[in-house]
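Good morning, and thank you for the time on today's agenda. I should like to take the group through one model, moving from local pairings to the chain as a whole.

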Amino acid sequence: MAEIRLEQVTKRFGDKVAVHDTSLTIADREFLVLLGPSGCGKTTLLRAIAGLGMADSGRITIGGRDVTYLPPGQRQISMVFQSYAIFPHMTVRDNIGFGLQMNKVDKAEISRRVGSAAELLHIEDLLDRRPSAMSGGQRQRVAVARALAMEAKVLLMDEPLSNLDALLRLEMRAELKRLLADVDATTVYVTHDQIEALSMGDRVAVMRDGEIQQCDAPNTVYESPSNRFVGSFIGNPPMNFLDGAILRSDDDVVVAVGHHEFSPASGVRPLIRDLSGNRVTLGIRAENMETLTAPGPDTVPVRVDVVEPLGAQNLLTVQVAGHRLKVSTHPTLRVAADDELHIRFPADQIRWIDPATDKVLHTR
């Protein structure tokens, strides 16, 4: 068992709190992604798990064993760094087996593990090369193979694909996901790339200013963000937001955005009615709006500012009541700048946000 438990972990650098009172449980063999912008504390939290930067307070356990103040060598972990960190004067074979040699593992066992790890990463024909004779993708494979050869129960990965070009990242992302699904290890993976996070992780923990904003399955984080920050950080383009005024009556509630009125889904109406102010924020993703060329029930007329053909979709920039929105349409919809369209906002796709707290009003 290699369950990881973080209990009220805090890490400071002088007056700056890099990780604040964070509690999180990572299940045995789970693939958890720590996602967030630069400086949010995700790498600091990973290093606290690794023992490379001791927590100032709180408790960390791995497999039920308290490792809070143990050095890295006693935590039974492997780590893959952003910079590869492989030795240029050693062959691939020696790089993969280096950690095993330091642990005085038997030579026959080292040979077996090196061969097995190299086979998993498809680098068997590179074992006698040195890093200077390899591409960036091959070097990254060596770094991953070295970590896997240790057969540790916990694998920590700090932005391992960020130094690769876009096409190679795409290839390595799929390869890593396939590989780690077959490895008997609990994986914690740090990235600022939301596509990596959503496509690879069993769960995604979105961080901001040293705190976890939401930790959930990728689809849940995308479709039901816990607050405005998560909705704006996840997604390309990010979620659209419109400021609305709450109009209450004895038996109903609607939200006005400019001259347009929106009727919230029945389950969220009581939550909107109970808001202390008279303002609420409407959030909706670009692909969740329906685009029509003619007016219809509950549609909002818009004028197209910009059309961005992206191959699989067209991304439109339109304006609604002074708000600039991104709208995703099928590429077969022929539209040009200055055209008029009509947009429908499906009630079940709208996320309503309390502007006082920036939290999404969830009915579940």
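**Strands, helices and cores**

Let me begin with a single pair of residues: Thr317 has Lys326 as its bridge partner in β18. Please bear in mind throughout that this is a predicted model. The pair belongs to a longer ladder, in which strand β17, residues 314-320, and β18 are joined by seven bridges in the antiparallel sense.

These two strands are part of an open sheet of five, ordered β15-β19-β16-β17-β18, with antiparallel pairing. Which strands stand at the edges of this sheet? They are β15, residues 290-292, and β18, residues 323-329. Each has a single partner strand, so one side of each is left without a neighbour in the sheet. From one strand to the next, the twist averages 45 degrees.

I turn now to another sheet. Here four strands form an open arrangement in the order β2-β1-β4-β5, and the pairing is again antiparallel. Its edge strands are β2, residues 16-26, and β5, residues 65-66, each of which pairs on one side only. Strand β4, residues 57-62, runs antiparallel to β5 and is joined to β5 by two bridges. Within that pairing, Thr61 has Asp66 of β5 as its bridge partner. Helix α1, residues 42-50, packs on this sheet and touches β1, β2 and β4. The direction of α1 makes about 120 degrees with that of β1.

A residue worth pausing on here is Glu3, which lies in the segment before β1, the strand of residues 4-13. Is Glu3 buried or partly exposed? Its relative accessible area is 28%, and because buried means under 20% and exposed over 50%, Glu3 counts as partly exposed. Setting aside neighbours within four places in sequence, Glu3 contacts Thr25, Ile26, Ala27 and Asp28, and also Thr61, Ile62, Gly63 and Gly64. Thr61, the bridge partner of Asp66, is thus met again among the contacts of Glu3. There is also a long-range relation to note: Glu3 and Val154 are 151 residues apart along the chain, yet their C-alpha atoms are separated by 8.7 Å.

Next, the helices. The axes of α2 and α4 come within 8 Å and cross at roughly 35 degrees, and the crossing is right-handed. Which residues meet there? From α2 they are Val92, Asn95, Ile96 and Leu100, and from α4 they are Val142, Ala145, Arg146 and Ala149. By class, the residues of this contact divide into six nonpolar, one polar and one charged.

Two arginines in these helices may be set side by side. Arg93 lies in α2, which covers residues 92-102, and is partly exposed with a relative accessible area of 36%. Arg141 lies in α4 and, at 9% relative accessibility, counts as buried. Beyond residues up to four places away in sequence, Arg93 touches Val114, Leu127 and Asp128. On the same basis, Arg141 touches Leu121, Ile123, Glu171, Met172 and Glu175. For a sense of distance along the model, Arg93 and Leu271 are 178 residues apart in sequence and 61 Å apart in space, C-alpha to C-alpha.

This brings me to the interior. The largest nonpolar core has 46 residues, and those touching the most other members are Ile96, Ile123, Leu176 and Val206. Helix α4, residues 136-149, contributes the largest share of this core, namely seven residues. A second, separate core holds 28 residues, including Val268, Ile284, Val300 and Val302. Returning to Val206, its contacts outside four places in sequence include Leu35, Val221, Phe229, Val230, Phe233 and Ile234. Glu211, Ile212, Gln213 and Gln214 are also in contact with Val206. Ile96, for its part, was named in the contact of α2 with α4, and Ile123 among the residues that Arg141 touches.

I close with the chain as a whole. How many helices and strands does the secondary structure comprise? The count is nine helices and 21 strands. The C-alpha trace spans about 80 × 45 × 35 Å along its principal axes. Of the 364 residues in the protein chain, 48% are buried. Finally, among contacts with a separation of 6 or more, 64% are between residues 24 or more positions apart.

Notes: Residues are numbered from 1 along each chain as its sequence is written. This is a predicted model: local features need pLDDT of at least 70, side-chain atom pairs count only at pLDDT 80 or more; totals for chains, interfaces and linings use all residues. Side-chain values use heavy atoms; hydrogens and water are left out. Buried means under 20% relative accessible area, exposed over 50%, partly exposed in between (1.4 Å probe, protein chains only). Contact means heavy atoms within 4.5 Å. A nonpolar core is a set of buried Ala, Val, Leu, Ile, Met, Phe, Trp, Tyr and Cys residues joined through side-chain atoms within 4.5 Å. Axes are lines fitted to C-alpha atoms, for helices over the stretch in contact, and angles run from 0 to 180 degrees between N-to-C directions. A crossing is left-handed if the near helix is turned anticlockwise from the far one by less than a right angle, and right-handed if clockwise. Ala, Val, Leu, Ile, Met, Phe, Trp, Tyr, Cys and Pro count as nonpolar, Asp, Glu, Lys and Arg as charged, and the others, Gly among them, as polar. Two strands pair if DSSP finds at least two bridges between them.
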